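These are my notebook entries from a session spent looking things up in one protein model. I wrote each entry as I went along, starting from a small detail and working outwards.

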Amino acid sequence: MSSTLDRDDRELIDEIGIDRANDALDELAELVKRQLELLGEDPERQGLLKTPQRVALSLSWLTRGYEQDARQVMGDALFDECHENMVMVRDIELYSLCEHHMLPFYGKAHIAYIPNGRIVGLSKLPRIVDVFAQRLQVQERLTDQIAEAICEVLHPRGVGVVIEAYHLCMMMRGVQKQNSKTITSALRGSFRDDPKTRDEFLRLAHTG
Ligand SMILES: [Zn+2]
């Protein structure tokens with residue numbers, strides 16, 4: 001397959017990992033070609049010739065989170081630190097695919113935690129979001145998985161995750177008003193049990 005691909009596509013293959021690319025891409029491309037036929041298209045016309053391969057590649061990239069592990073992502077960036085106040089990263093860009101329609105949902109994640117002797121490099125939090133967002137998802141589970149992963153690795157006093165997202169499966173199909181945003185939250189430890197901490201976090205998360 002790789003001979004017919006554009007340069008951008010080859011870069012995608014590098015990021016997916018060549019094993020996965022070799023195993024699944026050709027078969028996936030065949031399915032996409034069949035899908036085009038069933039939709040009434042002609043997969044042999046000029047504009048669609050490379051589409052099956054591109055779709056296969058892009059789907060593979062968009063779901064590469066299955067090959068990744070949050071523990072490994074954070075592993076080399078954990079530091080002992082006795083900081084005891086809330087650490088928060090707001091407005092983390094998020095792109096995922098809903099598992100019901102395989103259409104994108106996108107928005108922002110806000111993550112906070114209160115350390116318990118250990119902190120993680122701040123740049124890792126967006127990467128943890130990607131590990132779980134780059135799978136077929138529902139927003140509720142995505143929110144929980146991010147909170148859970150941070151709990152497991154950091155054992156913090158508490159964790160809070162808020163995700164606000166727009167779902168194309170609702171917007172494009174006219175199921176809901178175009179601008180409605182879905183908001184989910186996952187609270188663990190002191191973020192769940194201590195009203196003061198919870199309020200502080202939710203206030204910070206909801207006022208940008
Ligand atoms: Zn959907």
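Is His155 buried or exposed? I looked this up in what is a predicted model, and I found that His155 is exposed, because there are 12 other C-beta atoms within 10 Å, and a residue counts as exposed at 12 or fewer. I had picked His155 since its phi is positive, about 45°, although it is not a glycine. I then located His155 in the loop between helix 6 (139-154) and strand 6.

Entry on a second positive phi. I noted that Met102, also a residue other than glycine, has a phi near 55°, and that it is found in the loop between strand 2 and strand 3. Met102 is exposed, with 12 other C-beta atoms within 10 Å. The two strands on either side form a hairpin, with five residues between them.

Entry on confidence. Before going further I checked the pLDDT, which averages 90 for the protein, with 88% of the residues scoring at least 70. Among the elements, I found the lowest mean, 66, in helix 1 (residues 7-16), and the highest, 98, in strand 5 (residues 136-137).

Entry on the sheet. I counted through the elements and wrote down nine helices and seven strands. I then traced an open sheet of five strands, which has the order 5-2-3-6-7 and mixed pairing. At its edges I placed strand 5 and strand 7 (182-189), each of which pairs on one side only.

Going along the sheet, I recorded that strand 2 (residues 87-98) and strand 3 (residues 104-114) run antiparallel and are joined by nine bridges, and that Ile92 has Ala109 in strand 3 as its bridge partner. Strand 3 also pairs with strand 6 (residues 158-167), in the antiparallel sense and over 10 bridges, where I saw Tyr106 standing opposite Tyr166. Strand 6 is in turn joined to strand 7 by eight bridges, and these two run antiparallel, with Val161 opposite Ala186 in strand 7.

Entry on helix 5. Why is helix 5 largely enclosed by the rest of the structure? I found that seven of the 10 residues of helix 5 (residues 124-133) are buried, so the helix is largely enclosed. I listed the buried ones as Lys124, Leu125, Ile128, Val129, Val131, Phe132 and Ala133. They pack against several elements, among them helix 4 (70-75), strand 4 (118-120) and helix 6.

Entry on the core. Which residues have the most contacts inside the largest nonpolar core? In this core of 33 residues, I wrote down Ala109, Ile128, Val129, Ile146, Ile150 and Val161. Elements that give two or more residues to this core include helix 5, helix 6, strand 3, strand 6 and helix 9 (195-206). I reminded myself that in soluble globular proteins, nonpolar side chains tend to be buried together.

I followed Val161 a little further and, leaving out residues up to four places away in sequence, found that it touches Ala109, Ile111, Thr143, Ile146, Ala147, Ser185 and Ala186.

Last entry, on the whole chain. Of the 208 residues of the protein, I noted that 28% count as buried. Among contacts between residues at least 6 apart in sequence, 72% join residues at least 24 apart.

Methods
Residues are numbered from 1 along each chain as its sequence is written. This is a predicted model: local features need pLDDT of at least 70, side-chain atom pairs count only at pLDDT 80 or more; totals for chains, interfaces and linings use all residues. pLDDT is the predictor's confidence in each residue, from 0 to 100. Helices (H or I, at least four residues) and strands (E, at least two) are DSSP runs, numbered from the N terminus. Two strands pair if DSSP finds at least two bridges between them. A residue is buried if 20 or more other C-beta atoms lie within 10 Å of its own, exposed if 12 or fewer, and partly exposed in between; C-beta atoms are placed from the backbone. Two residues are in contact if their C-beta atoms, placed from the backbone, lie within 7 Å. A nonpolar core is a set of buried Ala, Val, Leu, Ile, Met, Phe, Trp, Tyr and Cys residues joined through C-beta atoms within 7 Å.
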